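Hi,

Here is the structure I said I would pass on. Have a look at it first, then read my notes underneath.

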Amino acid sequence: VLDGVVELDVQMEEATFTGSQGFGLLSGAVHKPAADDLGAAVTGRFLDDGWRVVVPWVAEGELERVERRDGLELVQADLFDADAVAQVAAVAGADTRAVVNLVGGFHAGGRVHESPVADLQSQLRINLEPAWLVTGAALPAMLAAGEGAVVCVSSRTALQPFSGGAAYAVAKAAPPENGCSAVREETQTTA
């Protein structure tokens with residue numbers, strides 16, 4: 001049975017992942033802006049704990065921020081492309097035991113009545129679509145093993161929206177629900 005969804009605060013010591021034989025698929029760890037060290041911190045923590053970590057990347061320039069270490073495997077992939085995500089999951093293989101979805105972005109728009117629906121669609125695409133695809137591609141390996149964890153990073157804005165941030169707030173509320181839904185589908189039986 002999947003362990004469930006881990007709510008991960010910026011302080012990594014709050015999250016514990018066990019099983020050094022596992023593999024962590026960190027979607028977007030090198031897609032984060034240079035000023036945002038979350039991807040590096042999460043990747044480093046898994047590597048420090050003895051995990052094999054596969055991290056997808058898109059642009060060559062992203063690789064400059066990545067410290068090469070034993071256990072780290074970098075795979076070029078567009079996480080908005082289902083076929084590319086399936087290839088990343090294939091590289092990860094049957095040992096996948098955790099998925100950490102870090103891809104996301106921010107755009108402040110107008111208030112709800114001033115914003116086109118395209119603002120919402122854009123925020124959902126960047127904050128939810130990669131998490132949906134990566135989680136879906138990695139789940140079969142975790143289900144076959146009978147264990148695993150799905151982590152979807154959100155923002156406090158999902159719970160405490162601000163004026164002009166409705167599309168972002170809605171989009172940041174979606175990834176954790178995606179992870180929770182995927183876990184619930186596999187851990188609860190329906191009549």
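Below is what I found, going from the overall layout to one helix pair and one strand.

First off, keep in mind that this is a predicted model. The protein chain has 4 helices and 6 strands, and from the N terminus the order of elements reads β-β-α-β-β-α-β-α-β-α. Of its 191 residues, 43% are buried. Taking the contacts in the chain with a separation of 6 or more, 71% are between residues 24 or more positions apart.

Now the helix pair. Helix 2 (residues 82-92) packs against helix 3 (residues 117-145) with the axes 9 Å apart and an angle of about 40 degrees between them. Because of that angle, helix 2 counts as oblique to helix 3. As for handedness, the two helices make a right-handed crossing. On the helix 2 side the contact involves A82, V85 and A89, and these meet L133, V134 and A137 of helix 3. By residue class, that contact comes out as 6 nonpolar, with no polar and no charged residues.

Then there's strand 6 (residues 149-152), which runs parallel to strand 5 (residues 96-101) and is joined to it by 4 bridges. If you want a spot to click on, V100 has V151 in strand 6 as its bridge partner. And which residues sit on each face of strand 6? A149 and V151 are on one side, V150 and C152 are on the other, and all of them are buried, so to speak of both faces as covered is fair.

Cheers

Definitions and conventions:
Residues numbered from 1 in each chain as written. Predicted model: local features only at pLDDT ≥ 70, side-chain atom pairs only at ≥ 80, totals over all residues. Heavy atoms only, no water. Axes fitted to C-alpha atoms, helices over the stretch in contact; angles between N-to-C directions. Parallel < 35°, antiparallel > 145°, perpendicular 65-115°, else oblique. Left-handed = near helix turned anticlockwise from the far one by under 90°. Contact = heavy atoms within 4.5 Å. Nonpolar A, V, L, I, M, F, W, Y, C, P; charged D, E, K, R; others polar. Buried < 20%, exposed > 50% of the residue type's maximum accessible area, 1.4 Å probe, protein only. Pairing = 2+ DSSP bridges.
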